[in-house]
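Reader: I am new to this structure. Please take me through one part of it closely, and then show me what else is worth a look.

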Amino acid sequence: MSIFTGAGVAIITPFNEDGSINFEEFGKIIEDQIAGHTDAIIVCGTTGESSTMDDDEHLATIKYCVEKVAGRIPVIAGTGSNCTRESINLSKKAEEIGVDGLLCVTPYYNKATQAGLYEYYKAISDAVNIPIIMYNVPSRTGTNILPETAVKIAKEVKNVVAIKEASGNISQVAKLAALADGCIDIYSGNDDQVLPILSLGGKGVISVWSNVAPKQVHDTVQSFMDGDIAKATKMQLEAIDLIGALFSEVNPIPVKAAMSILGYKAGPMRAPLTECSDEHKEGLKKAMKEYGIL
């Protein structure tokens, strides 16, 4: 059974001006996401700036999210690392907190081989008893999970049930879907490729776009699932300029700027990420107005 079907938000982490986590604002964002029919919350992923959190902050953010959501929708925690031992440690503690699943990015910088990726996911799986979503984002990690490797892991590693595919390579996703033949759930990791991946049998999206437009992203996926392909396609295409603006700089710089424009106290970026440029902020405002959310 899938951890979720539909639109999962890769949720931002709001910070106070001193750089600490703004839990009060985080709670407001979570509530607004649920009110907007988001199907799952992915906490402490790339968009949540988890790579700049220490373990205590990371786990405190996961714990707050689980308690705030209180079982209303699934909560999936980002616990991947370039160190297998670190990922195991975070994964075990996230399971103890009560998350519904884990999102584990491939080890970054180390550039593991395909055999190394298999061992990485197997080691994490052996340490926990909850579902795991592999996260394939070669542009950030320098490592690509090949379709053959993803299928081997899904078939042989007990808790690995899905993959977030952010390679941007639709041909690779098509090959994965063909080889998998249903043995693994596929989620789009790119907001401009939701419909193409759904058309290949995908279960939904783990979305940056959902931060600013939760209902629209949910409705896009739901329309497809309901068989209204024309409506889903129209909604995907109507969002293309906004999605482009949300990735005008490295994620999550633009989406946190967009959340601030919407009135949320998203707060500053954590170094080494910097604030969104004035030029791109203007582009965001224009795209948000044209999309009808500002």
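Author: What follows starts at one strand and works outward from there. Keep in mind that this is a predicted model.

Start with strand S8, residues 204-207. Is this strand buried or exposed on its two faces? Both faces are covered. Gly204 and Ile206 are buried on one side. Val205 and Ser207 are buried on the other.

Which strands pair with S8? One is strand S1, residues 6-10. S1 and S8 run parallel, and 4 bridges join them. Look for glycine 6 here: its bridge partner in S8 is glycine 204. Another is strand S7, residues 185-188. S7 and S8 also pair in the parallel sense, over 2 bridges. On this side, serine 188 stands opposite valine 205 of S8. Now follow the chain from S7 to S8. The path goes through helix H8, residues 194-199. This β-α-β crossover is right-handed.

Stay with S7 for the next step, which is about rings. The model has 4 aromatic pairs. Take phenylalanine 4 and tyrosine 187. Their ring centres are 4.5 Å apart and their planes meet at 15°, so this pair is stacked; the cut-off for stacking is under 30 degrees. Where do the two residues sit in the chain? Phenylalanine 4 lies in the segment before S1, and tyrosine 187 lies in strand S7. The pair therefore ties together parts that are 183 residues apart in sequence. Phenylalanine 4 is buried, and tyrosine 187 is buried too.

Other rings deserve a glance. Phe23, Phe26 and Tyr64 form one aromatic cluster. Two tyrosines have a lysine over the ring. The charged end of lysine 152 sits over the ring of tyrosine 118, 5.0 Å from the ring centre. The charged end of lysine 164 sits over the ring of tyrosine 135, at 4.1 Å from the centre.

Last comes the empty space. The largest pocket holds about 620 Å³. How many residues line this pocket? The lining has 28 residues. Closest to the pocket centre are Thr46, Ser50, Ser51, Val105 and Tyr108. Which elements give two or more residues to the lining? They are helix H2 (55-69), helix H3 (84-97), strand S4 (101-105) and helix H5 (138-141).

Go back to S8 once more with the picture in mind. This strand is covered on both faces. S8 is joined to S1 by 4 bridges and to S7 by 2 bridges.

Conventions. Residues are numbered from 1 along each chain as its sequence is written. This is a predicted model: local features need pLDDT of at least 70, side-chain atom pairs count only at pLDDT 80 or more; totals for chains, interfaces and linings use all residues. Side-chain values use heavy atoms; hydrogens and water are left out. Buried means under 20% relative accessible area, exposed over 50%, partly exposed in between (1.4 Å probe, protein chains only). Two strands pair if DSSP finds at least two bridges between them. A crossover is right-handed if, with the strands pointing away from the viewer, the path from the first strand over the helix to the second runs clockwise. Rings of Phe, Tyr and Trp (its six-membered ring) pair if their centres lie within 6.5 Å; planes under 30 degrees apart count as stacked, over 60 as edge-to-face and the rest as tilted. A charge sits over a ring if NZ of Lys or CZ of Arg is within 6 Å of the ring centre and within 35 degrees of the ring normal. On a 1 Å grid over the protein atoms alone, a cavity is a set of points where a 1.4 Å probe fits but cannot get out, and a pocket is an open set with protein on both sides within 12 Å along at least five of seven lines; lining residues have an atom within 4 Å of a point. Grid points are joined across faces, edges and corners, and a volume is the space filled by probe spheres set on the points.
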